[in-house]
Amino acid sequence: LDWGRHFQSAPFRLGMAMVVVAMAANLFGVFTVFVPRRLAELDARARGQGHLATLGMGLMMAILATPCSFAVLVAAFAWAQLQPLWLGSLAIVLVGVGMAAPHALLTAFPSLVRRLPRPGRWMELLRQAMGFVLLAVAVWLIGTWSEDTRVTRAAGYGVVLVFCLWVWGTLVRYDWPSSIKVAVRGLAVALAVAAGGWMFAPPRGGAVKFQPFDEQRIEPATRGGQIVLVDFTAAWCLSCKMVDYLIYDRPEVARELQSCGVLAMRGDVTSSEAQANGLLYDRLRGAPPLTVIYPPSGPPIRLEGEFSRRDLSRALDEAALRPPPN
């Protein structure tokens, strides 16, 4: 099983986007997922003495929290599908630890109960705010269907604009002082204007000019003493966007690759029909983001996940020290 490879299916990504939209609707209060009454009544029966009863109460508390945690947990599971197996599994375990930690802390220090924030309007506002985050995720998933980012940026700005209107009309209370109303609404207007200027600005091309992936060019190039760099990426891979922003969009990186005479190719594995799939998944046994540097001799050098400019420079220096065999 190649973790995250199912995201190469466009219908799967669209289905996930619709699930995320439904989860956002849940956070906006359009519908609520309730636990069956008989299951909820088990909480009262679980009250008693002993560790087994305590464990039962903890399990029931997690189940009864479904109306609040349902959308967030679904989003967390969806995010985990895009990560390496160890990272996705670790994240889900940490979610469980995070849900249990407050109860353990309050049990150890009961006096902290008095410092807990009281339930109120802030809980509903926080829930609705998280709904906008999920809508942004849905826009990103839908945007992976096309290489034209203009529609995606326009839809994303629509989410930002609605959020700013929500801040203006819902977050601000009628009984707040005028100074606070003006400050909060001013921030909303500033965010709408700044986001519009950023999201509608013409996209800049990356500093590194990649050539289309062609596996047949790797061996002849390395045999001739040239270093080959292959960047495996995908439109649905958020970590790939970070690698582009931190590494390949930097002019200094482009100059370094050019000075070393590197043949840079990009293997886009967004779809299951991509030419680079066989090399990435079957032979390299990797997943995007993955940068592979082929030196003139010796095994390839792998830079998995997100890496730094220093890591790239070290890999290029190591590759340059491997001359082609005579």
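The following questions and answers concern a predicted model.

Visitor: In what order do the five strands of the open sheet stand?
Guide: Strands of a sheet pair through backbone hydrogen bonds, either parallel or antiparallel. In this structure, the pairing within the open sheet of five strands is mixed. The order of the strands is E1-E3-E2-E4-E5.

Visitor: Which strands stand at the edges of the sheet?
Guide: A strand at the edge has a single partner strand, so one side of it is left without a neighbour in the sheet. This holds for the strand of residues 211-212 and for the strand of residues 301-304. The two edge strands are therefore E1 and E5.

Visitor: What is the bridge partner of Val228 in E4?
Guide: Strand E2 comprises residues 228-233, and strand E4 comprises residues 290-294. The two strands run antiparallel and are joined by five bridges. In E4, the partner of Val228 is Tyr294.

Visitor: At about what angle does helix H13 run to E5?
Guide: Two helices may be described here by the strands they lie across. Helix H10 (residues 238-248) lies across E2, E3 and E4, and runs at about 140° to E2. Helix H13 (residues 309-320) lies across E2, E4 and E5. Its angle to E5 is about 170°.

Visitor: Is Asp231, the salt-bridge partner of Arg266, buried or exposed?
Guide: Side chains of opposite charge can pair when their charged atoms come close. The closest N and O atoms of Arg266 and Asp231 are 2.7 Å apart. This pair links distant parts of the chain, with Arg266 in strand E3 and Asp231 in strand E2, 35 residues apart. Arg266 is partly exposed at 24% relative accessibility, whereas Asp231, at 2%, counts as buried.

Visitor: How many residues apart are Glu252 and Arg309?
Guide: Glu252 and Arg309 form a salt bridge, with their closest N and O atoms 3.3 Å apart. The pair links distant parts of the chain: Glu252 belongs to helix H11 (residues 251-259) and Arg309 to helix H13, a separation of 57 residues.  Salt bridges that share partners also occur, joining Asp231, Asp244 and Arg266 into one network. For Glu252 and Arg309, the value asked for is 57 residues.

Visitor: How many salt bridges does the structure hold?
Guide: One of the salt bridges joins the side chains of Arg173 and Asp175, at 3.0 Å from N to O. Arg173 is partly exposed at 34% relative accessibility, and Asp175 is partly exposed at 42%. The number of salt bridges in the structure is eight.

Visitor: Which helix gives the most to the nonpolar patch on the surface?
Guide: The patch is formed by Val72, Trp122, Met123, Leu126, Met130, Val133 and Val137, which together have about 580 Å² of accessible area. Among them, Val133 is found in helix H6 and is partly exposed, because its relative accessible area is 44%. With six residues in the patch, the helix that gives the most is H6.

Visitor: How far apart in space are Lys209 and Leu85, C-alpha to C-alpha?
Guide: Lys209 lies in the loop between helix H8 (178-199) and E1. Lys209 counts as exposed because its relative accessible area is 65%, and exposed means over 50%. Lys209 and Leu85 are 124 residues apart in sequence. Their distance in space, C-alpha to C-alpha, is 31 Å.

How values were computed
Residues numbered from 1 in each chain as written. Predicted model: local features only at pLDDT ≥ 70, side-chain atom pairs only at ≥ 80, totals over all residues. Heavy atoms only, no water. Patch = residues over 30% accessible without salt bridge, like charges linked within 9 Å, V, L, I, M, F, W, Y side chains within 5 Å. Areas by Shrake-Rupley, 256 points an atom, 1.4 Å probe, with all protein chains shown as cover. Salt bridge = Lys/Arg side-chain N within 4 Å of Asp/Glu carboxyl O. Helix = DSSP H or I, 4+ residues; strand = E, 2+ residues; numbered from the N terminus. Buried < 20%, exposed > 50% of the residue type's maximum accessible area, 1.4 Å probe, protein only. Pairing = 2+ DSSP bridges. Contact = heavy atoms within 4.5 Å. Axes fitted to C-alpha atoms, helices over the stretch in contact; angles between N-to-C directions.
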